[in-house]
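Trainee: I would like to go through this model one question at a time. Please show it first.

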Amino acid sequence: MPSYTPPLRDMQFVMHEVLKITEDYKAMPRHADVDVDTINAILEEGGKFAAEVTFPLNITGDEEGCTLDKATHEVKTPRGFKEAYAKYIEGGWPALSCDPEYGGQGLPIVVNQAFYEMLNSANQAWTMYPGLSHGAYEALHTHGTDAQKKLYLPKLVSGEWTATMCLTEPHCGTDLGLLRTKAEPQADGTYRLTGNKIFISAGEHDFVPNIVHLVLARLPDAPKGSKGISLFVVPKFNVNADGSIGSRNGIFCGGLEHKMGIHGNATAQMVLEGAVGTLVGEPNRGLQAMFVMMNAARIGVGMQSLGLTEVAFQNALAYAKDRLQMRSLSGTKAKDKPADPIIVHPDVRKMLLTAKAYAEGGRALTMFCSLLIDRELNHPDAKVRKDAEELVALLTPIVKAFITDNGHIATNACMQVFGGHGFIKEWGMEQFVRDNRINMIYEGTNTVQSLDLLGRKVLGNQGATLKKFGKLVAQLVEEEGVNEQMAEFINPIAMLGDQMTKFTTEIGFKAFQNPDEVGAAAVDYLRVAGHLVFGYFWARMAQVALRQIAAGNTDPFYKAKLQTARFYFAKLFPETAMLMRTARAGAKVLLDTNEALA
Ligand SMILES: Cc1cc2nc3c(=O)[nH]c(=O)nc-3n(C[C@H](O)[C@H](O)[C@H](O)COP(=O)(O)OP(=O)(O)OC[C@H]3O[C@@H](n4cnc5c(N)ncnc54)[C@H](O)[C@@H]3O)c2cc1C
């Protein structure tokens with residue numbers, strides 16, 4: 001059976017020693033009084049919830065899955081899931097970083113995200129039920145009418161109701177411009193929606209009395225393609241003006257998908273038969289409104305893989321210290337035992353360190369991104385807000401794709417540490433691999449994320465936002481450029497920063513002649529950019545560790561941080577050279593292949 005210990009010390013290191021978040025919060029009136037002790041106390045409690053309430057349901061949830069009663073269209077979630085959700089509401093957890101105007105606690109996003117990392121380590125399938133609600137809350141908070149906000153936000157904030165995002169249809173996944181669900185305007189100002197949605201996470205379940213679906217659909221006179229999509233809020237039960245639950249609406253679950261992982265989460269086929277909905281935002285501008293939820297969800301998906309990377313690492317580390325196989329090549333290490341523990345073998349260490357470096361790098365990046373979102377939402381200076389917004393937009397596809405790809409590498413490596421036992425269900429390691437796999441696919445596949453990064457966010461503005469991140473790197477290089485102890489961390493990122501400028505211009509020029517060059521380079525490009533970002537955070541973490549050690553701090557935590565930073569730069573970061581080379585191989589080698597792919 002796997003185990004899980006919330007990585008509170010490491011979270012505190014990133015929040016308080018690397019990013020110094022409370023100093024940032026002093027400038028934001030809403031968070032000016034949030035102090036280190038409060039944040040730590042909340043996360044300690046949050047960690048207990050994850051480790052004690054939802055983690056014990058992870059394997060049973062995977063084994064049982066969800067079941068649909070075809071007669072009533074009701075879905076039963078695995079044993080214990082509903083009760084865990086009741087405890088979640090009782091603890092006030094859904095309200096953590098929501099607006100006090102709607103019953104929220106108004107705490108920073110960083111705190112909520114750190115809590116979500118732990119929930120995802122504990123049980124990704126369960127966490128998706130409340131996770132989607134938070135994204136819907138953000139979309140309605142930004143684009144909802146006053147009436148919609150009044151009706152839905154308090155219920156989502158308290159967790160009394162949950163929410164979904166209904167985009168995908170059988171013939172339309174990546175290309176939302178193809179969607180067909182229709183919305184007919186009614187005389188009373190509402191709309192009647194008809195169509196079929198598939199793959200809707202948490203689309204139907206037994207946690208709560210009402211589910212709020214955010215649905216993309218087309219108005220009768222809508223232009224073709226993505227410019228003709230509108231967003232609607234469609235509750236499972238219609239809601240009376242006083243907020244009470246009314247009649248059953250015409251949206252129901254027609255089937256559940258059987259899938260590779262996240263079995264405890266209901267992936268529903270949703271049928272809309274004249275379901276009553278109200279418009280969110282402007283007609284035909286539904287994608288803009290939905291993007292609020294999609295961006296939140298993209299970062300949320302990165303957090304899912306971060307959580308799985310951490311829990312897989314913890315279990316692989318414990319196993320590697322315990323499992324005895326073979327002797328160390330450099331001579332016996334455990335003389336009193338019939339063989340050495342496998343942790344003595346260099347390649348086992350490489351697998352463990354890969355997961356550790358990806359977990360800790362991912363934690364630094366996602367916390368930084370969350371801090372940027374706090375700035376974007378709450379900073380009094382418009383320029384700071386704008387800068388933060390642009391940087392979040394640049395980093396979002398990296399959080400989504402780089403961290404989930406790393407999660408794939410890391411959970412597989414951790415499973416490999418267990419040898420054949422990793423493949424056996426009892427240890428729980430194969431579940432981490434299976435559960436992580438969807439993270440690379442939904443919320444825009446990782447290929448689509450890479451096109452968004454290179455095509456829209458880098459080339460689309462001639463690298464202007466990338467230069468903003470480049471400035472952060474340059475600042476660190478200037479600060480530490482003459483510090484010999486930092487050279488091993490600073491030199492690689494300084495060099496990659498320079499190379500990326502040239503690399504980006506080169507792809508930009510090629511793309512002028514042939515737009516397919518962007519598609520051919522994008523996936524490799526995102527991974528290179530991911531390493532630049534991780535490299536920057538690893539250098540900052542090494543900087544803090546070196547300063548502590550120099551000041552006489554003997555806490556082994558700092559030595560461990562330096563060792564992991566060294567491993568990262570020596571063994572993982574250098575893949576950037578190979579990736580730039582393959583990206584430069586260009587489009588022809590992919591497209592001039594009709595015979596090979598005949
Ligand atoms: C378990 C699960 C849960 C989900 N939850 C939800 C949910 O809650 N709500 C919701 O609306 N949807 C949900 N989805 C749907 C998910 O977001 C889509 O599956 C995903 O966006 C991809 O769409 P598709 O499956 O139709 O693949 P397609 O769009 O058909 O893509 C197939 C392949 O082609 C590639 N491709 C497509 N276009 C391009 C391009 N321009 N350039 C390069 N490559 C391209 C893709 O990357 C992919 O590899 C879920 C899916 C699953 C499996």
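Trainee: Which residue with a positive phi follows α16?

Mentor: This is a predicted model. In it, α16 covers residues 516–550. The residue with positive phi that follows α16, with a value near 95°, is G552.

Trainee: Where is the kink in α16 centred?

Mentor: End to end, the 35 residues of α16 reach 51 Å from first C-alpha to last, close to the 51 Å expected. There is nevertheless a bend of about 50° in this helix. The kink is centred on A522.

Trainee: How many of the residues of α16 are buried?

Mentor: Buried here means under 20% relative accessible area. By that cut-off α16 is mostly covered, and of its 35 residues the buried ones number 28.

Trainee: What share of the ligand's area does the protein bury?

Mentor: Polar side-chain atoms approach the ligand at several points: T174 lies 2.5 Å from a ligand oxygen, T445 lies 2.7 Å from a ligand oxygen, and S201 lies 2.8 Å from a ligand nitrogen. Taken alone, the ligand exposes 980 Å², and the share of this buried by the protein is 63%.

Trainee: Which element gives the largest share of the shell around the ligand?

Mentor: The shell has 18 residues, divided into nine nonpolar, seven polar and two charged. Elements giving two or more residues are β3, α13 and β5. The largest share, three residues, comes from β5.

How values were computed
Residues are numbered from 1 along each chain as its sequence is written. This is a predicted model: local features need pLDDT of at least 70, side-chain atom pairs count only at pLDDT 80 or more; totals for chains, interfaces and linings use all residues. Side-chain values use heavy atoms; hydrogens and water are left out. Helices (H or I, at least four residues) and strands (E, at least two) are DSSP runs, numbered from the N terminus. The expected span of a helix is 1.5 Å times one less than its number of residues. The bend at a residue is the angle between axes fitted to the seven residues ending there and the seven starting there. Buried means under 20% relative accessible area, exposed over 50%, partly exposed in between (1.4 Å probe, protein chains only). A residue is near a molecule or strand if one of its heavy atoms lies within 4 Å of it. A polar contact is a pair of N or O atoms within 3.5 Å; within protein, one must be able to donate a hydrogen and the other to accept it, and residues adjacent in sequence count only if both atoms are side-chain atoms. Accessible areas come from the Shrake-Rupley method with a 1.4 Å probe; for residues, only the protein chains shown count as cover. Ala, Val, Leu, Ile, Met, Phe, Trp, Tyr, Cys and Pro count as nonpolar, Asp, Glu, Lys and Arg as charged, and the others, Gly among them, as polar.
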